[in-house]
Amino acid sequence: MRFQELLEDQVLSPTQVAQALRTTKAEIADTLGLGRDSFMRASRVTACQTQVRLRQMLEILTRVEAETGSPLAAYAWFRAEPLPGFGGATPDQLVRDGKADHVHAYLDRIVAGGCA
């Protein structure tokens, strides 16, 4: 998944992201812990919190896509895979809690050949 394909007017487009992941904007908003109106009003789409969470999710999906085989499988992993060492929290829960850096650190350990 390429970020450039998901941009509209120089911001990440929830519509483009939803289409790429074959889901709805409401589901993505829920996954990221955002209100459904975050993707409905133009002023909310461009809001910092909305754009940061979309970017964080897409960065993580891009990192795991090669291992999972597709953007859809990466999204399924993001929503459902409990990460060891984080009390069973899934990557989406960590992003919602402002801990995307924890997911990146976990992925760094895995890439380096370490234990989860």
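Which residue with a positive phi follows helix 7? In this predicted model, that residue is Gly113, with a phi near 90°.

**Helix 7**

Helix 7 is built from twelve residues, and the distance from its first C-alpha to its last is 17 Å. This is close to the 16 Å expected at 1.5 Å a residue. Its buried residues are Ala100, Val103, His104, Tyr106 and Leu107. These residues lie on the same side of helix 7, because they cover an arc of only 160° around the axis. A general feature of helices is relevant here. An α-helix has 3.6 residues a turn, so residues three or four places apart point the same way. The cover over the buried residues of helix 7 includes helix 4, helix 5 and helix 6 (91-96).

**Salt bridges**

Across the whole structure, the search finds six salt bridges. Three of the pairs are set out below.

| Salt bridge | N to O distance | Relative accessibility of each partner |
|---|---|---|
| Arg79 and Glu27 | 3.0 Å | Arg79 35%, Glu27 27% |
| Asp37 and Arg44 | 3.0 Å | Asp37 27%, Arg44 30% |
| Arg63 and Asp108 | 2.6 Å | Arg63 32%, Asp108 43% |

The side chains of Arg79 and Glu27 meet in a salt bridge. This pair links distant parts of the chain, with Arg79 in helix 5 (residues 71-80) and Glu27 in helix 2 (residues 25-31), 52 residues apart. Arg79 counts as partly exposed because its relative accessibility is 35%. Glu27 likewise counts as partly exposed, at 27%.

Helix 7 also takes part in a salt bridge, through Asp108, whose partner is Arg63. Arg63 belongs to helix 4 (residues 48-68) and Asp108 to helix 7 (residues 100-111), so this salt bridge ties together parts that are 45 residues apart in sequence. Arg63 has a relative accessibility of 32% and therefore counts as partly exposed. Asp108 is also partly exposed, with a value of 43%.

The shared partners of some salt bridges join Asp37, Arg41 and Arg44 into one network. Within this group, the side chains of Asp37 and Arg44 meet with an N to O distance of 3.0 Å. Asp37 is partly exposed at 27% relative accessibility, and Arg44 is partly exposed at 30%.

**Positive phi angles in loops**

What is the state of the backbone at Gln10 and Arg22, as judged by phi? As background, most residues other than glycine have a negative phi. Gln10 has a positive phi, near 65°, and Arg22 has a positive phi near 55°. Each is a residue other than glycine.

Gln10 is located in the loop between strand 1 (7-8) and strand 2 (11-12). Its relative accessibility is 77%, so Gln10 counts as exposed. Arg22 is located in the loop between helix 1 (14-20) and helix 2. Arg22 is exposed as well, because its relative accessible area is 69%, and the cut-off for that class is over 50%.

**Summary of the picture**

Helix 7 has its buried residues on one side, as the 160° arc shows, and helix 4 is among the elements that cover them. Helix 4 and helix 7 are also tied by the salt bridge of Arg63 with Asp108. Helix 5, another of the covering elements, carries Arg79, which is paired with Glu27 of helix 2.

Key:
Residues are numbered from 1 along each chain as its sequence is written. This is a predicted model: local features need pLDDT of at least 70, side-chain atom pairs count only at pLDDT 80 or more; totals for chains, interfaces and linings use all residues. Side-chain values use heavy atoms; hydrogens and water are left out. A salt bridge is a side-chain nitrogen of Lys or Arg within 4 Å of a carboxyl oxygen of Asp or Glu. Helices (H or I, at least four residues) and strands (E, at least two) are DSSP runs, numbered from the N terminus. Buried means under 20% relative accessible area, exposed over 50%, partly exposed in between (1.4 Å probe, protein chains only). The expected span of a helix is 1.5 Å times one less than its number of residues. The arc is that of the directions from the helix axis to the C-beta atoms. Contact means heavy atoms within 4.5 Å.
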